[in-house]
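User: I should like to learn how to read the packing of helices in a structure. Could you guide me through an example?

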Amino acid sequence: MAFRIKQTSWLYVSLSVISLCLAFTITPVKASLPVTTTPVVSTSQVNNGLEQGRNLYQSGRFSEAVTAWQTAAQQYRIQGDHINEALSLSYLSLAQQELNQWEAAKNSIEQSVKILQTTKPAIDAIVWAQILNTQANLQLRTGRAETAIENWQQAQKYYELSGDTIGSLGSQINQAQALQSLGFYRRSKQQLETLTQKLAVMPDSEVKVSGLRSLGLALRAIGDSKSQQVLEQSLASANKIAAKTQLSSILSSLGKNASDLQDPETALNYFEDAEKAATNPNEKLQARLAHFKLLVDYDKLEYAIELAPQLQQQLTELPPSHNSLYAAINFVATLNKLEKPDKILPIKELSQLMAVTVNSAQKIQDSAAEAHALYQWGQLYSRTSQWSEAKALADKSLHIARQLQADDIIAQSAWQVGKLYKQQGSRAEAISAYTEAVKALKSLRGDLVAVNPDVQFSFRESVEPVYRELVGLLLDEQPSQTELTQARELIESLQIAELDNFFREACLDKAQQIDKVDPTAAIIYPIILPDRLAVILSQSGKPLSYYETRKPRAEIEQTFDNLLVALNPVSDSKEREKLTQQMYDWLIRPAEQKQAFKDIKTLVFVLDGKLRNIPMAALYDGKQYLIEKYAVALSPGLQLMSAQSFQQNKINAIVGGISESRSGFAALPAVESEVKKISQAVSSKLLLNQQFTSKALGDRVKFGNADVVHLATHGQFSSRLEETYLLTWDGQVNVKELSELLKNRGGNSSKAIELLVLSACDTATGDERAVLGLAGLAVKSGARSTIATLWPVKDKAAEILTTRFYEQLRQPKTTKAEALRQAQISLIRQTDFRDPFFWSAFVLVGNWI
């Protein structure tokens, strides 16, 4: 059985954190080796082999460490020294994991455990702790999180028996990571918070510094803002006891935190301090590389130019190791992101650096590093239009990646091969290569985006374009039904990939073919390509149809931006009508002219990019709004949970809200009236103001039989996971915690919430992808359908609309989409809130039935 890496961004091994290579991040770090209480053995040569392996491993020379530990294990076996044989095999497994040798790593650790189980007398607890730790490390990396938790719990007990505090803390941090990967966010967060409190009261020591640093990295990895505070505590403690060897890594971590928070000046100061505090050449190099990347990312090239030759010199002086190879690769990868890297260093010199890196990787048998270096080298050749050389290097990289079954490298190298075929005009070969790249990206799913904030850039730069460019290729010439089907599937996959990226994990698994849900619905898939707005139309039982508007992407997106501004009630209504009509002509009219919507009641949009910010209901044909002709719903694509029609007179709801000012948020006076009217309209449990706590909501969901949850409270949607939340009386509840809370149905876990309504939320200011947070919450909540607002609406308008929505929902054979449509029409025709600003902000996401 071949193992594939389950990418994860922080694992604790005895005395430190290991940050593993994530797809497209190429993080140049390794596992720190457990410090052991190895018994004294009679043959010093063997003992030297064990120690030699440790030294090689610590310096990133994993292949040589494997050889040393294999020899040591064999000689310990001959001597009958079972304890040291087991430890050698455990260490061997760690090195094999670093080399992606998953089957070998599994065999080594299983042999190690078997030896301990059959050895008499009983083995020291510390030995068991370390070997179980290695085994759990492998289990989490190969997708067996539940088993990993059990082993870490056992390791924790053994560490505590041995009096190893930091080992115990590390095992607990790892358990929190594994809980995250299983979706138990609140339990994970509680565990990390408990550890924070434990560490805070400990006296200053190396153990405390290391524990706080590990904990800070763990919190940063899951997007918890407390990571900054914990890392600062670690730094303060390190300074008090002059723990000089830990200062540089703590300062670098603080710098990365500041960079995540878009505070480049603070980040720069931390990176400069990290470089000064470095106690070895590798720490100095890593701090300088982080400094350099920050300058390039923020377009401070005049300063980057000064730093580049120093880095180049350092990179050529380091002996070959895992660390030095990835440092060189990251250096060139940072420059390859620039339009003109030769502004910093000549392309020829960068190519020479990659050539040396490839040779060094071959020398120390680091195949993954070799493939990454070949990929970056090929990109450099593409810049100088040396197409055949670029293609040869990309092919080599792809060949190695396939041998390693390394989907992260396959994805980038196959994409590069595809681009080169496309450049040569070889469409069929290009489609084949792009398809391989997309297949690799899909197999990575949540692993690709994991929980490391460093990887966030990669989605926009290294994932999304692969999908779009392949869709463009498929739709370039009169597309066949097969090509339209593949393009539609790609659009849906891109939606899912974006949500995976948002949640930093794979978040959708259940699939139901969207156009088979409702024969009276038409599904519209618009996708924004560089030279056009393409639209695929899907209807049950009919061939797919296709139409497009040939305009540059910039012009199309400018129209969207202008329309968003025009939707404001103070804007010119004629300008708004012109723009909403323009979009109607692009998205709807071509299909209407072909009578495609003749028997259609509902239009379902799978929206792309900036289109998600536009309320489709407000599109205008010159006489009527779209909502006056059809019910409108949004969907994230194929992944729809099947819905059950309400038994209209049996709606059971949980209705919660905050009308008073709370936690710095303004009062919402009409909320009290809104929730009370809804409570009268449907059978419900009301939670208002002080009653509306996260625990009370969770208990109602868990122990009640509600099929509707209606929340009238402040909230925000953002493209950043940590900035998407709802407000309860006792504070903000982030989207992951909310999803876990809403899914916990006690003994009836199969009964999902039918409808989640959020009537007072906002999208983050200046965040063009903020609606991703809305889609993310809709999907992650487990609710079959979600109604929310694209922007804050006057609370009186929200009260009228939501009250009428529930009145309509109680009517026989009325779908959720139709109930919302009728409520919106009533605002247009029967109130002073006829302007689209007031009613079109309400959108239905998910199943519309």
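Analyst: Certainly. Please note that this is a predicted model. Let us begin with one pair of helices: I83, A86, L87, S90, Y91, S93, L94, Q97 and E98 of α3 touch V127, Q130, I131, T134, N137, L138 and R141 of α5. Sorted by class, this contact comprises eight nonpolar, six polar and two charged residues.

User: How is the arrangement of two such helices described?

Analyst: In general, one gives the angle between the two axes and the distance between them. Here, the axes of α3 (residues 82-98) and α5 (residues 125-141) come within 10 Å and cross at roughly 25°. Because angles under 35 degrees count as roughly parallel, α3 is roughly parallel to α5. The crossing of this pair, α3 and α5, is left-handed.

User: At what angle do α16 and α17 pack?

Analyst: Helix α16 (residues 347-363) and helix α17 (residues 367-383) pack at about 160°, and their axes lie 9 Å apart. An angle over 145 degrees counts as roughly antiparallel, and α16 and α17 are therefore roughly antiparallel to each other. The crossing of α16 with α17 is left-handed.

User: Which residues of α16 and α17 make the contact?

Analyst: From α16 the contact takes I347, L350, S351, M354, A355, T357, V358, A361 and Q362; from α17 it takes A369, E370, A373, L374, Q376, W377, L380 and R383. By class, the contact between α16 and α17 has eleven nonpolar, four polar and two charged residues.

User: I should now like to consider the whole chain. How many helices and strands are there in the chain?

Analyst: The chain has 33 helices and 17 strands. Of its 849 residues, 62% are buried. Among contacts with a separation of 6 or more, 70% are between residues 24 or more positions apart.

User: Which residues have the most contacts inside the largest nonpolar core?

Analyst: They are F331 and F597, in a core of 204 residues. Apart from neighbours within four places in sequence, F597 is in contact with A522, I524, L537, I588, A591, E592, L603 and Y630. There is also a second, separate core of 35 residues, which includes L99, I109, I126 and L138. L138 of α5 also takes part in the contact with α3.

User: How should one read the backbone angle phi?

Analyst: Most residues other than glycine have a negative phi. A positive value therefore deserves a look, given that general tendency. In D299, phi is near 60°, a positive value in a residue other than glycine. D299 is placed in the loop between α13 (281-297) and α14 (301-317). Q595 likewise has a positive phi, near 60°, and is placed in the loop between α26 (589-593) and β6 (602-605).

User: Are D299 and Q595 buried or exposed?

Analyst: D299 has 54% relative accessibility and so counts as exposed. Q595, at 55% relative accessibility, also counts as exposed.

User: Where is A841 placed, and is A841 buried or exposed?

Analyst: A841 is in the loop between α33 (836-839) and β17 (842-846). A841 is buried, because its relative accessible area is 0%. Leaving aside neighbours within four places in sequence, A841 is in contact with A788, T789, L790, W791, V793 and P836. Although A841 and A618 are 223 residues apart along the chain, their C-alpha atoms are separated by 9.0 Å.

How values were computed: Residues are numbered from 1 along each chain as its sequence is written. This is a predicted model: local features need pLDDT of at least 70, side-chain atom pairs count only at pLDDT 80 or more; totals for chains, interfaces and linings use all residues. Side-chain values use heavy atoms; hydrogens and water are left out. Axes are lines fitted to C-alpha atoms, for helices over the stretch in contact, and angles run from 0 to 180 degrees between N-to-C directions. Helices (H or I, at least four residues) and strands (E, at least two) are DSSP runs, numbered from the N terminus. Angles under 35 degrees count as roughly parallel, over 145 as roughly antiparallel, 65 to 115 as roughly perpendicular and the rest as oblique. A crossing is left-handed if the near helix is turned anticlockwise from the far one by less than a right angle, and right-handed if clockwise. Contact means heavy atoms within 4.5 Å. Ala, Val, Leu, Ile, Met, Phe, Trp, Tyr, Cys and Pro count as nonpolar, Asp, Glu, Lys and Arg as charged, and the others, Gly among them, as polar. A nonpolar core is a set of buried Ala, Val, Leu, Ile, Met, Phe, Trp, Tyr and Cys residues joined through side-chain atoms within 4.5 Å. Buried means under 20% relative accessible area, exposed over 50%, partly exposed in between (1.4 Å probe, protein chains only).
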